[in-house]
Amino acid sequence: MDQLLFQIRNCTHCEEHLPLGPRPIIAAHPESRIAIIGQAPGTKVHQTGVPWDDPSGRQLRKWLGVTDEQFYNEQLFALIPMGFCYPGKGKSGDLPPRPECAPLWHESLINQMPNLTLTVLIGQYAQNYYLGNTMKRNLTETVKHYQEYLPDYFVLPHPSPRNRFWLSKNPWFEEEVLSDLREKVSESLDY
């Protein structure tokens with residue numbers, strides 16, 4: 001695992017496409033119990049080098065029902081983005097994660113974490129990659145039917161502050177999905 005993490009952290013595979021240059025962000029350990037598979041680091045995370053070190057990360061930790069100490073304990077949580085580097089800005093926010101990263105690194109990473117009991121897929125890019133044609137017609141429907149993907153995957157929308165409108169439109173998410181999520185996380189951490 002150390003060699004693999006070294007290779008990922010020094011990857012320059014798509015350097016010419018990265019406006020701020022390569023800075024792969026990842027946290028993983030052979031003992032990790034929960035994998036959080038998100039999108040790609042934003043500018044703040046690119047600067048600090050700490051995964052989910054932004055408002056989205058604070059919201060995610062609330063959703064999961066865990067402390068910062070738990071979340072950043074690599075023996076508990078592997079924090080794996082679909083794209084390891086900041087992809088740049090688009091018209092309506094950050095660009096999608098670079099498509100090279102997941103096929104290049106994810107399988108090797110997951111294979112080196114035999115204690116994973118839960119994989120949380122955050123947002124459409126992770127869900128498209130891991131769920132493929134079992135996804136519903138959109139993210140809302142996929143999240144609404146989250147139980148169909150258990151025990152392998154727990155699907156979530158992105159916890160970005162930009163998703164406040166989605167959350168207010170879909171109160172079932174906080175009422176039903178988050179309590180199940182916290183239960184599954186607690187079970188995995190007690191494993």
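Here is a short walk through a predicted model, stopping at a pair of packed helices, a buried stretch of another helix and two spots with unusual backbone geometry.

Let's start with the helix pair. Helix H1 covers residues 2-9 and helix H5 covers residues 101-111, and the two pack with their axes 11 Å apart at an angle of about 160°. Angles over 145 degrees count as roughly antiparallel, so H1 and H5 are roughly antiparallel to each other. Their crossing is left-handed. If you want to find the contact on screen, look for Leu4, Leu5, Gln7 and Ile8 on the H1 side, and for Trp105, Ser108 and Leu109 on the H5 side. Sorted by class, this contact of H1 with H5 has 5 nonpolar residues, 2 polar ones and no charged ones.

Next, head along the chain to helix H7, which spans residues 139-144 and holds valine 143. Is valine 143 buried or exposed? Its relative accessible area is 0%, and buried means under 20%, so valine 143 is buried. Leaving aside residues up to four places away in sequence, you'll find valine 143 touching Gln127, Val155, Leu156, Pro157, Trp166, Trp172, Phe173 and Val177. Glycine 123 sits 20 residues from valine 143 along the chain, and the C-alpha atoms of these two are separated by 9.4 Å.

Threonine 142 is in helix H7 too. With a relative accessibility of 0%, threonine 142 also counts as buried. Which backbone oxygen does the side chain of threonine 142 reach? That of asparagine 138, at 2.9 Å. Again setting aside residues up to four places away in sequence, threonine 142 touches Gln127, Leu131, Met135, Lys136, Tyr149 and Val155. Gln127 and Val155 may ring a bell, as valine 143 touches them as well.

Now for the backbone. Most residues other than glycine have a negative phi, and most peptide bonds are trans. Two places in this model go the other way. One is the peptide bond from leucine 150 to proline 151, which is cis, with omega near 5°. To locate proline 151, look in the loop between H7 and strand S6, which covers 153-156.

The other is tryptophan 52, which has a positive phi of about 55° although it is not a glycine. You'll find tryptophan 52 in the loop between helix H2 (43-48) and helix H3 (55-64). Is this loop residue, tryptophan 52, buried or exposed? Its relative accessibility is 11%, so tryptophan 52 counts as buried.

Notes:
Residues are numbered from 1 along each chain as its sequence is written. This is a predicted model: local features need pLDDT of at least 70, side-chain atom pairs count only at pLDDT 80 or more; totals for chains, interfaces and linings use all residues. Side-chain values use heavy atoms; hydrogens and water are left out. Helices (H or I, at least four residues) and strands (E, at least two) are DSSP runs, numbered from the N terminus. Buried means under 20% relative accessible area, exposed over 50%, partly exposed in between (1.4 Å probe, protein chains only). Contact means heavy atoms within 4.5 Å. A polar contact is a pair of N or O atoms within 3.5 Å; within protein, one must be able to donate a hydrogen and the other to accept it, and residues adjacent in sequence count only if both atoms are side-chain atoms. Axes are lines fitted to C-alpha atoms, for helices over the stretch in contact, and angles run from 0 to 180 degrees between N-to-C directions. Angles under 35 degrees count as roughly parallel, over 145 as roughly antiparallel, 65 to 115 as roughly perpendicular and the rest as oblique. A crossing is left-handed if the near helix is turned anticlockwise from the far one by less than a right angle, and right-handed if clockwise. Ala, Val, Leu, Ile, Met, Phe, Trp, Tyr, Cys and Pro count as nonpolar, Asp, Glu, Lys and Arg as charged, and the others, Gly among them, as polar.
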